[in-house]
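Please read the following walk through a protein model with the coordinates open beside it. The text goes from overall figures to metal sites, cores and single residues.

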Amino acid sequence: MSQAKDLYELLSASRDATEDEIKKAFRQQARKFHPDNKETGNEELFKEINQAYEILSDPEKRAIYDQYGLGGLRSTFGNSEVFDFGDLSDLFSQFFGGATRTRRSTGPERGADIRYELEISFLEAVKGCTTQITIQPLEDCGLCKGTGAKPGSQLKTCKTCNGIGEVKRVSESFFGHVTQITTCPSCNGVGKMVEQPCTECNGKGQKRTKKPVDVKVPCGVDDGARLRWGGKGEAGRQGGPPGDLYVIINVKEDETFSRNGQDIIIQQKVSFSQAALGGNIKVPSVDGEKTLMIPSGAQTGAVLKIPGLGIPKINNMARRGDQLIEIIIETPTKLSPEEKKIFEQLASLQDEKGKKKYGFFN
Ligand SMILES: [Zn+2]
Ligand SMILES: [Zn+2]
């Protein structure tokens, strides 16, 4: 919008107009300058009128505009929020009850993206893996080379739209006659039709095919990671580029390992005597069993660490987090007569200690 234009002038409204008067003025102006109005239509002006109304119909924006002008609005809301109307077709739908101007491009069209969910194990996520998936992209029909026409038959001009690819339809609306321009339903906007459809693809020009794709999952991926293969999606139309393939990673839960950032966490049960005396035990890791030194007097909930055995950075096995081992001390439930004897001896020793320390205990 040009800086010089006054929003009230655009709407032909006075500065002290009420909300209702602003609305009325806007409708008059919008009708007058609507691009489908043959005499006075003006697309640029129509946009500006809509923008002016967007501001003046909002009491907060209007107050700022009255006091500080457009500059004030920009510094308050940011330029995009003040003037962001997106596509002009949004305006049409906004003010003309869904009567949008839609027209499909008749030129090359990019193929759609394909989304594939791949479930992998925790170990595969840590180390990376290579697997083959089968996708079913739309590809140009081999027989008709994507034209949809039976080989040897001709393309003819679409009768519905006379080759233009779009059709006009006049309808009644709040603003009077509104001409809608839409993609020709007969030829889908191409302007040409197939005289005899291809027998292989029924004239569609494209077919779904099964296609194996080798997928290399890099080491260190997390659940929900999205890997992209450019150009491996659906084939484009009319010579347009293909879409992309997105592989979404689902990491299965593991019974032993869990992930926290770059660290791998396990819970390790340790016997009562191991915890009291300390010593070396074997613990699982994604690199196989490792020896872990339990310090004497370890408590339940203590967290020990094996550095460098965690999750690698994506695609970089050399930079890894740590493995954290949470110690859970197992209290024995079934004791052999011999164990029972030893525990009883231990208990009486502890009793002695308790009496000395606190002066009472049992
Ligand atoms: Zn075909
Ligand atoms: Zn047509």
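Of the 362 residues in the protein, 35% are buried. The model is a predicted one. Its secondary structure comprises nine helices and 19 strands. Of the contacts between residues at least 6 apart in sequence, 61% join residues at least 24 apart.

Two zinc ions come next. The zinc ion (ligand 1) has four protein donors, the SG atoms of C141, C144, C198 and C201, lying 2.3 Å from the ion. Along the chain these donor residues follow the pattern C-x2-C-x53-C-x2-C. Why is the arrangement around the zinc ion (ligand 1) tetrahedral? The angles subtended by the four donor atoms run from 105 to 116°, and four donors count as tetrahedral if all angles lie between 85 and 135 degrees. Two of these cysteines can be examined for accessibility. C141 has a relative accessible area of 1% and C144 is at 5% relative accessibility, so both are buried, the cut-off being under 20%.

The zinc ion (ligand 2) is also bound through SG atoms, here those of C158, C161, C184 and C187, at 2.2 to 2.3 Å. Its four donor atoms make angles of 103 to 115°, and the site is tetrahedral. The spacing of the donors in sequence is C-x2-C-x22-C-x2-C. Within this set, C161 and C184 link distant parts of the chain, 23 residues apart. C161 sits in the loop between β4 (155–157) and β5 (166–173), while C184 sits in the loop between β6 (176–183) and β7 (192–194). Both C161 and C184 are buried.

The nonpolar cores can be read against a general background. In soluble globular proteins, nonpolar side chains tend to be buried together. In this model the largest nonpolar core has 37 residues, and I120, V217, V247 and I249 have the most contacts inside it. Strand β11 (residues 245–251) gives the most to this core, namely four residues. At least three residues of the core come from each of domain 2 (108–146 + 201–253) and domain 3 (258–331). Leaving out residues up to four places away in sequence, I120 touches A125, C129, V217, V221, I249, N250, V251 and K252. A second core, separate from this one, has 22 residues, including A13, F26, Y53 and I55.

Next is a polar residue in a loop. S285 lies between β14 (279–283) and β15 (290–294). Is S285 buried or exposed? At 7% relative accessibility, S285 is under the 20% cut-off and therefore counts as buried. The side chain of S285 makes polar contacts with the backbone on two counts: a polar atom of the side chain lies 2.9 Å from the backbone nitrogen of D287, and the side chain reaches the backbone oxygen of G288 at 2.6 Å. Apart from neighbours within four places in sequence, S285 is in contact with F257, K290, L309 and Q323.

The last stop is F272, in helix α8 (residues 272–277). At 35% relative accessibility F272 is partly exposed, because this value lies between the 20% limit for buried and the 50% limit for exposed. F272 and T331 are 59 residues apart in sequence, yet their C-alpha atoms are 6.0 Å apart in space. Not counting residues up to four places away in sequence, F272 touches I329, E330, P332, F343 and L346.

Technical notes
Residues numbered from 1 in each chain as written. Chains lettered and ligands numbered in written order. Predicted model: local features only at pLDDT ≥ 70, side-chain atom pairs only at ≥ 80, totals over all residues. Heavy atoms only, no water. Donors = N, O, S within 2.8 Å, 3.2 Å for Na, K, Ca; no water. Tetrahedral: all angles 85-135°; square planar, octahedral: opposite > 155°, others 65-115°. Buried < 20%, exposed > 50% of the residue type's maximum accessible area, 1.4 Å probe, protein only. Helix = DSSP H or I, 4+ residues; strand = E, 2+ residues; numbered from the N terminus. Polar contact = N/O pair within 3.5 Å; in protein donor to acceptor, adjacent residues only side chain to side chain. Contact = heavy atoms within 4.5 Å. Core = buried A, V, L, I, M, F, W, Y, C linked by side-chain atoms within 4.5 Å. Domains from an automatic or database assignment.
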